[in-house]
Amino acid sequence: MGGTEHLTVQREGATLVLTLNRPEARNALSLPMLVGLYDGWLEADADDSVRSVVFTGAGGSFCSGMDLKALAGNGMAGEEYRDRLKADPDLHWKAMLRHHRPCKPVIAAVEGYCVAGGTEMLQGTDIRVAGESATFGLFEVKRGLFPIGGSTVRLQRQIPRTHALEMLLTGRPYSAREAAAVGLVGHVVPDGTALAKALEIAEQINSCGPLAVEAVKASVYETAEMTESEGLAAELTRGWPVFDTADAKEGARAFAEKRPPVYKRA
């Protein structure tokens, strides 16, 4: 497993856990963090034994946004990673899930601050769990900036437009309960338990057929902007092959025999 000084990678069974690890800066995004994060997404995609990803932050915060000084590579923390960014100028957008969508389900476990770039990355995840005291928001306009991580496009597709515009145009903070009320997160749990809840959801996903899970996720995203008739046609194209897999047959046998299925991605 990879990782950097600002991004840790761990395995919890079939779940890969990616942790932003710069707690002294409320996990502000640095170049080492972005490089490690992008490598983590690639590792999850490439490893068939990984069935889900949990994305979280260390030290009681998720992410407080971009650290522009660190991203520029000024100082020892970023210097050794400058070549990675030069070789792939799009790396930071891929790391932040703007220009990359992992094929495995990604579950966000949020504690503390999840603001600016943190809220933008959150929109690239599939399932979201927040601790009671978590704070969300897109503060860019208050600083005369633009939320260029994808929020003017994605947010209105994920929550009602009136709420998306309020969040984007006021730059105010949102509590976890308010974020759940508008649909930005799906679960609000006691502080300190977001990771445990995310791992619980991941384990439920891991018990399902991996080929089916990946096909369902892909279908949801690729049909999102299609007409209903186009989407239904695309769903058949994506879904029918799943029925011909050995995993589908194993699922049927296991159900008939009243035992847990053993899937082999075949």
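Student: Where should I start reading: is Glu250 buried or exposed?

Tutor: Glu250 is buried, because its relative accessible area is 10% and buried means under 20%. Keep in mind that this is a predicted model.

Student: How does Arg253 count, with a relative accessible area of 41%?

Tutor: Arg253 is partly exposed, because the class between buried and exposed runs from 20% to 50%. The side chains of Glu250 and Arg253 meet in a salt bridge, at 3.4 Å from N to O.

Student: What is the general idea behind such a pair?

Tutor: Side chains of opposite charge can pair when their charged atoms come close.

Student: Where do Glu250 and Arg253 lie?

Tutor: Both are in helix α13, which covers residues 246–257. They are three residues apart, about one turn of the helix. Glu250 and Arg253 also belong to one network with Glu257 and Arg259, joined by salt bridges that share partners.

Student: How many salt bridges does a search of the whole structure find?

Tutor: The search finds 16. One of them is formed by Asp39 and Arg84, with their closest N and O atoms 2.8 Å apart. Asp39 belongs to helix α1 and Arg84 to helix α4 (residues 82–87), so this pair ties together parts that are 45 residues apart in sequence.

Student: How do Asp39 and Arg84 count in terms of accessibility?

Tutor: Asp39 has 30% relative accessibility and counts as partly exposed. Arg84, at 31%, counts as partly exposed too.

Student: Which residue forms a salt bridge with Glu222?

Tutor: The partner is Arg238, and the closest N and O atoms are 2.7 Å apart. This pair links distant parts of the chain: Glu222 is in helix α11 (residues 210–222) and Arg238 in helix α12 (residues 228–243), 16 residues apart. Glu222 counts as partly exposed, with 32% relative accessibility. Arg238 counts as partly exposed, with 34%.

Student: Let us turn to strands. How many residues of strand β3 are buried?

Tutor: Six of the six residues of β3 (residues 52–57) are buried, so this strand is largely enclosed by the rest of the structure. To read a strand, check which way each residue points. Ser52, Val54 and Thr56 point one way from β3, while Val53, Phe55 and Gly57 point the other way.

Student: Which strand do six bridges join to β3?

Tutor: That strand is β2 (residues 15–20), and the two run parallel. Within this pairing, Leu20 has Gly57 of β3 as its bridge partner. Together β2, α1 and β3 make a right-handed β-α-β unit.

Student: In which sense do β3 and β4 pair?

Tutor: They pair in the parallel sense, over four bridges. Phe55 stands opposite Ala108 in β4.

Student: What is the strand order in the open sheet of three strands?

Tutor: The order is β5-β7-β8, with mixed pairing. Strands β5 (113–115) and β8 (174–175) are the edges, each pairing on one side only. Strand β7, residues 135–137, pairs with β8 in the antiparallel sense over two bridges. Phe136 stands opposite Tyr174 in β8.

Student: Now the interior. How many residues does the largest nonpolar core have?

Tutor: This core has 47 residues. Those with the most contacts inside it are Leu18, Leu37, Phe55, Val110, Phe136 and Leu184. Helix α1 (residues 31–46) supplies the largest share, eight residues. There is also a second, separate core of 12 residues, which includes Val17, Val129, Ala194 and Ala202.

Student: One residue to finish. Where does His100 lie?

Tutor: His100 is in the loop between α5 (91–95) and β4 (106–110). A loop position does not settle whether a residue is buried, so look at the accessible area: for His100 the relative value is 16%, and it is buried.

Student: Which residues are in contact with His100, leaving aside its neighbours within four places in sequence?

Tutor: They are Trp41, Leu42, Asp45 and Lys94. With Asp45, the side chain of His100 makes a polar contact to the side chain, at 3.2 Å.

Notes:
Residues numbered from 1 in each chain as written. Predicted model: local features only at pLDDT ≥ 70, side-chain atom pairs only at ≥ 80, totals over all residues. Heavy atoms only, no water. Core = buried A, V, L, I, M, F, W, Y, C linked by side-chain atoms within 4.5 Å. Buried < 20%, exposed > 50% of the residue type's maximum accessible area, 1.4 Å probe, protein only. Salt bridge = Lys/Arg side-chain N within 4 Å of Asp/Glu carboxyl O. Polar contact = N/O pair within 3.5 Å; in protein donor to acceptor, adjacent residues only side chain to side chain. Contact = heavy atoms within 4.5 Å. Pairing = 2+ DSSP bridges. Right-handed = clockwise from strand over helix to strand, strands pointing away.
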